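Q: Please take a close look with me at one residue, and then lead me outward from there. I am new to this, so a short meaning for each term would help.

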Amino acid sequence: MTDEPFVRISGVVKRFGKGAPALDHIDGEILGGRITGLVGPDGAGKTTLIRLMTGLMLPDEGKVDVLGFDTAKDPAGIQASIGYMPQRFGLYEDLSVQENLDLYADLRGLPLAERTATYDELLEFTDLKRFTSRLAGKLSGGMKQKLGLACALLRKPRLLLLDEPGVGVDPISRRDLWKMVENLTASGIGVVWSTAYLDEAEACDGVLLLNEGKLLFAGAPSELTGRVADRVFKVSGVTGRRRETLARFLDKDGVVDGVIQGEAIRLVMAPGATPPSAPSENAGVTPQATVTPPRFEDAFIDMLGGGPGGHSKLAEAQKPFANESGKPVIEAHGLTKRFGDFTAADDITFDIPRGQIFGLLGPNGAGKSTTFKMLCGLLKPSAGEGRVAGFDLRRDAAEARNRLGYMAQKFSLYGDLSVAQNLNFFAGVYGLSGERKKERTQLMVEIFGFGRLLAMSAKDLPLGLKQRLALACAVLHEPEALFLDEPTSGVDPITRREFWTHINGLVEKGVTVLVTTHFMDEAEYCDRISLIYRGRSIALGSPDDLKKQVADAACPDPTMEDAFIALVQRSEERQAAA
Amino acid sequence: MSSPAPIAAPTTGRGRRFAALVRKESYQIVRDPSSILIAFVLPLILLFLFGYGVSLDTTQTRIGLVVEQETPLTRDLAAGFQASRYFSVSLGRDRRDFEDDLVLGRIRGLVIIPARFEADHAAGQHPTLQVLVDGSDPNTANFVQNYAQATVANWERQRLEQDAGRPPAISTEQRFWFNPELTSRNFLVPGSIAIVMTLVGTLLTSLVVAREWERGTMEAMMATPVSAAELLAGKLLPYFLLGLTSMTLCVLLAVFLFGVPFRGSVAALYALSATFLMPALGQGLLISAATKNQFLASQLALISAFLPAFLLSGFLFEINSMPTVIQWITFIVPARYLIPSLQTVFLAGDIWPMFLQSIAVMLLIGCVFFVLAARSTRKRIG
């Protein structure tokens, strides 16, 4: 292996229209034989940088050299020796697995003599042998992704560019894919793996960390996490209202960042600061702060100057909901939804007491959103029943809906309406009028700092602000129950913190929250979670419970992802046995 | 690293790459219900519509006829109107009887034989009739006016013949060549074939290319050694053949089901159709390369190709009667050149000087579209 980098990016600037550049003076190198993570939230410039490496896009300033070719002068030279998997895998859905392979083999000029052996190897590698005649459109997300990879690997590329291969794929497939790619690097191939998941970044050999078009860090992830080593603490044994405790911690000097982690609180401290002590309500247990291994996200937040304080103006303005009856606010009993002969959600049962956060955790297509939509009254269940604030969704759907706030995936706002118009519109939809409407919208403008942005079209807002506006629209009418569908997908970690500070504050006031997520660590912010896999709930419990269930000698302190994978495997074994 | 240095030689394997692209496209056409819909079902619907539904032949327009004073002479003229195959006549004595009918559109025109008619006629003066028409539909208004005049002229001639007891010095005998019964179906059906090829060539092509952009497959293609020209050609050939297939289906239906005569040669038919597909496909490619979005592409294709082929090609509306500016615009509508030639192939036979001129113009327009499309389909994104 030579030390000459496969890709050399020097002083690259790329602009789209007016405004801040999509990439702002980026320098970096990508080496052969290792996985380089291109890490950052949505809109950071990851896809643009990958496209620059393919030669499909040219930089406005600076230059990109790939495998010794200048992308501006010799894109054909590059395209002959790279494998590229764009975000949606680049597959033809009405072609079968074999036809897709044939097409790419022809386009990449794989000699006929080598085909049988190469196909065999790749189909073995991706475990797609049984599916060669199936149409690509009929494959699961994980299988599509493997086929996309196989197509990119025909005629062994020297450099493999993967644009967000982990998105929307279940953790098991994601782990499979990672292993495959790791094997490739052993043969000297250089791999670029772009991702918004910070846990994926941790596993890379090297990372380029991007945020808003700027390069924040280049190097080994351990170097970055090393910066916060010995500064990350897990405060366990906090009894009672740990979200309130977290909020107080966050407002203290010396606390850089903090999140709920199961029953504990995770804190990142400024250098030299000692973690604050938690109050003990239960005489038997003393809260204890222990040093815990840092994660990539801890370091990222530290680098961005720390998270926001623990104070939520939104929660302050919220009137408290008293817990009188002790009855659950959201209930699902045997919720089932069938589309034709496909069961999207199968016998889902849970209930959420007032002032708790409940998470539906699972990969895309598992049935989270279906369950979710049945509980907001957007989808009629085929069987079972759901209740919100005591109202049956079949009979009193309108009453139930008045009591819930819904924040849809991808923050579905009206893009062509301005910020003010969106707020007014949603206030109207939720039946606010007159003085109260004015008061509530004014309050949202103050809390979220929309003052200068009121006239801007929602579609032109940066992702983080879109998310804020979507939250504002969902809580305008002070709902008892809040439904959040993938609320922090793709946003930067600071915005994510801010979002959870609001949610935690609202929960303290008695708002009940149902959230869907495929972020494993976000699941740990919940009081309880249900793991949804292929339409069924395969496990239900507090995050700590679920992790404990799978802990063994080999893996004494499993992550949420470990737990998920182990529980899926157990459930499949049970099914196979039955 | 042991893998051999890859050779960047896009010229080798060009044949195989092209074949692979064409094969891929063909699978997609066969498997995608929407392309079958646009290439075969929609043309059938259109053809049936024009074959059975739409007719530009005028028969039996309803008019009112007011005879203010009944005399043998006026009765005779009224009988002339009643006998006309173009009018369905309601008789009355006073124009006020018909005013409401005209306003409400129950009749299209009102012919008034004034009380002075007989007297004027007897005095040897030229008697006048009054014709009131509903101008809101200028076509029908014109029609009523012209046919009313013709009916009167006819009646006068017959009177003269009777009076003089001899045939008139000059009489005209009309014969319509090529379409003796003046059946509009006979020229609508060949015209609708041009519309069908516009659908396949422009609408379908712009949709499928835009779809590749939307689904990200275009990006994946471009990152392979395939060249932009190969990509374009690989798209064009299948849709070119699909357009010709669709056209063949239409012609077979036209001839065998609707009995439209086919007096020209098959060679002329294919030469004209194949040439027409050049500008049609070129426009489709240009639209999709410019929009990269299926919704926008379909809107643009409908407005810039389908509607002009319908409205500005002489298919339904006579180009000579359009305002001058609009007439200029028709010169860049490829269907304008195809439709008269196709009608000629069907109804008259091969008139190569006319065909060659049409072919030359269509090729020219096609070249312009292709140059523009090729320039906007570089192997670059954004």
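**A residue and its surroundings**

A: S376(B) counts as partly exposed because 14 C-beta neighbours lie inside 10 Å; with C-beta atoms placed from the backbone, 20 or more others within 10 Å would make a residue buried, 12 or fewer exposed, and anything in between is partly exposed. This is a predicted model, where local features need pLDDT of at least 70 and side-chain atom pairs count only at pLDDT 80 or more, while totals for chains, interfaces and linings use all residues. Residues are numbered from 1 along each chain as its sequence is written, and chains are lettered from A and ligands numbered from 1 in the order in which they are written.

You will find S376(B) in helix α14 (residues 352-376) of chain B; helices (H or I, at least four residues) and strands (E, at least two) are DSSP runs, numbered from the N terminus. What does S376(B) touch, leaving aside its neighbours within four places in sequence? The answer is L286(B), A289(B) and A290(B), where contact means C-beta atoms, placed from the backbone, within 7 Å. A290(B) is 86 residues away along the chain, yet its C-alpha atom and that of S376(B) are separated by 7.0 Å.

Let's widen the view in chain B. An unreviewed UniProt entry lists several transmembrane regions, including residues 239-260 and 296-317 of chain B; such annotations may be inferred rather than shown by experiment, and the positions follow the numbering used here, with feature names shortened. In the model, residues 239-260 of chain B are 82% helix and 0% strand, with end C-alpha atoms 27 Å apart. For residues 296-317 of chain B, the helix share is 73%, the strand share is 0%, and the ends are 28 Å apart.

Now for a helix pair. Helix α7 (residues 185-215) of chain B packs against helix α11 (residues 294-311) of chain B at about 165°, with axes 9 Å apart; axes are lines fitted to C-alpha atoms over the stretch in contact, and angles between N-to-C directions run from 0 to 180 degrees. That angle makes α7(B) roughly antiparallel to α11(B) (under 35 degrees is roughly parallel, over 145 roughly antiparallel, 65 to 115 roughly perpendicular, the rest oblique). Among the residues that meet are L199(B) and R211(B) from α7(B), and A301(B) and F306(B) from α11(B). By class, this contact has 13 nonpolar, five polar and two charged residues (Ala, Val, Leu, Ile, Met, Phe, Trp, Tyr, Cys and Pro are nonpolar, Asp, Glu, Lys and Arg charged, the others, Gly among them, polar).

Chain B also meets chain A: 29 residues of chain B and 32 of chain A take part. On the chain B side, α1 (14-31) and α8 (217-222) each supply at least two residues, and α1(B) gives the largest share, seven residues. That side divides into 12 nonpolar, eight polar and nine charged residues.

Over in chain A, look at helix α1 (residues 46-54): nine of its nine residues are buried, so the helix is largely enclosed by the rest of the structure. Those residues include K46(A), R51(A) and M53(A). Just after α1(A), G55(A) takes a positive phi of about 80°. Two residues other than glycine have positive phi too: H25(A), near 50°, and E164(A), near 45°. H25(A) sits in strand β2 (residues 23-30), while E164(A) is in the loop between β7 (159-162) and α6 (171-186). E164(A) is buried, with 23 other C-beta atoms within 10 Å, whereas H25(A), with 14, is partly exposed.

Conventions:
Two residues are in contact if their C-beta atoms, placed from the backbone, lie within 7 Å.
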